[in-house]
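Let's look at how helices pack against each other in a protein. Have a look at the model below, then read on.

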Amino acid sequence: MEAGDTWYLRPGQHLQYHGWDDEYLVYNDLSGDTHLLGAPAIEILLALKPASATRQALMALLKAEFDIDDVELEEETDALLEQMKRLYLVDTIAC
């Protein structure tokens with residue numbers, strides 16, 4: 001994944017979710033599927049709801065919200081973005 005990649009919430013995704021503790025049920029408007037996601041994933045989705053964001057910006061968001069070292073931060077961010085891309089919640093525009 002490239003640092004300058006721009007991520008966005010897939011068009012038509014209304015981001016319906018319900019959470020408790022650090023787990024969230026997220027309904028995918030596009031596929032009709034429901035997913036169980038953690039707090040870092042929902043933070044990324046909420047950040048992408050109003051506008052697209054770069055991978056760097058999303059990493060900075062997670063760094064500010066969660067106690068995570070830089071190496072783990074990069075790996076976690078990339079894993080979350082790839083997982084949510086496979087679930088058709090987000091997509092990327094490579095720059």
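## Where α2 meets α3

This is a predicted model, and we can start with one of its helix contacts. On the α2 side, R55, L58, M59, L62 and K63 take part, and they meet D70, L73, E74, T77, D78, L80 and L81 in α3. What kinds of residues make up this contact of α2 with α3? They split into six nonpolar, one polar and five charged.

Now for the geometry. Two packed helices are described by the angle between their axes and the distance between the axes. For α2 and α3, the angle is about 120 degrees and the axes are 10 Å apart. Angles from 65 to 115 degrees count as roughly perpendicular, and this one falls outside that range, so α2 is oblique to α3. As for handedness, α2 passes α3 in a right-handed crossing.

## The buried side of α2

Helix α2 covers residues 55–65, and its buried residues are R55, L58, M59 and L62. Where do they sit around the helix? They span an arc of only 100 degrees around the axis, so they lie on the same side of α2. It helps to know that an α-helix has 3.6 residues a turn, so residues three or four places apart point the same way.

What do the buried residues of α2 pack against? Their partners are β1 (6–9), α1, β5 (53–54) and α3.

## A closer look at T77

One residue to pick out in helix α3 is T77. Is T77 buried or exposed? Its relative accessible area is 0%, and buried means under 20%, so T77 counts as buried.

Leaving aside residues up to four places away in sequence, T77 touches R55, M59 and L62. You've met these names already: R55, M59 and L62 are among the buried residues of α2.

## Where α1 meets α3

Helix α3 (residues 70–86) also packs with helix α1 (residues 39–48). Here the angle is about 70 degrees, with the axes 10 Å apart. Since 65 to 115 degrees counts as roughly perpendicular, that is how α1 and α3 are arranged. The crossing of α1 and α3 is right-handed.

Which residues meet in this contact? From α1 come P40, A41, I44 and L45, and from α3 come E76, L80, L81 and M84. Sorted by type, the residues of the contact of α1 with α3 are seven nonpolar, no polar and one charged. Look for L80 and L81 on your screen: they take part in the contact with α1, and they also turn up in the contact with α2.

Conventions. Residues are numbered from 1 along each chain as its sequence is written. This is a predicted model: local features need pLDDT of at least 70, side-chain atom pairs count only at pLDDT 80 or more; totals for chains, interfaces and linings use all residues. Side-chain values use heavy atoms; hydrogens and water are left out. Axes are lines fitted to C-alpha atoms, for helices over the stretch in contact, and angles run from 0 to 180 degrees between N-to-C directions. Helices (H or I, at least four residues) and strands (E, at least two) are DSSP runs, numbered from the N terminus. Angles under 35 degrees count as roughly parallel, over 145 as roughly antiparallel, 65 to 115 as roughly perpendicular and the rest as oblique. A crossing is left-handed if the near helix is turned anticlockwise from the far one by less than a right angle, and right-handed if clockwise. Contact means heavy atoms within 4.5 Å. Ala, Val, Leu, Ile, Met, Phe, Trp, Tyr, Cys and Pro count as nonpolar, Asp, Glu, Lys and Arg as charged, and the others, Gly among them, as polar. Buried means under 20% relative accessible area, exposed over 50%, partly exposed in between (1.4 Å probe, protein chains only). The arc is that of the directions from the helix axis to the C-beta atoms.
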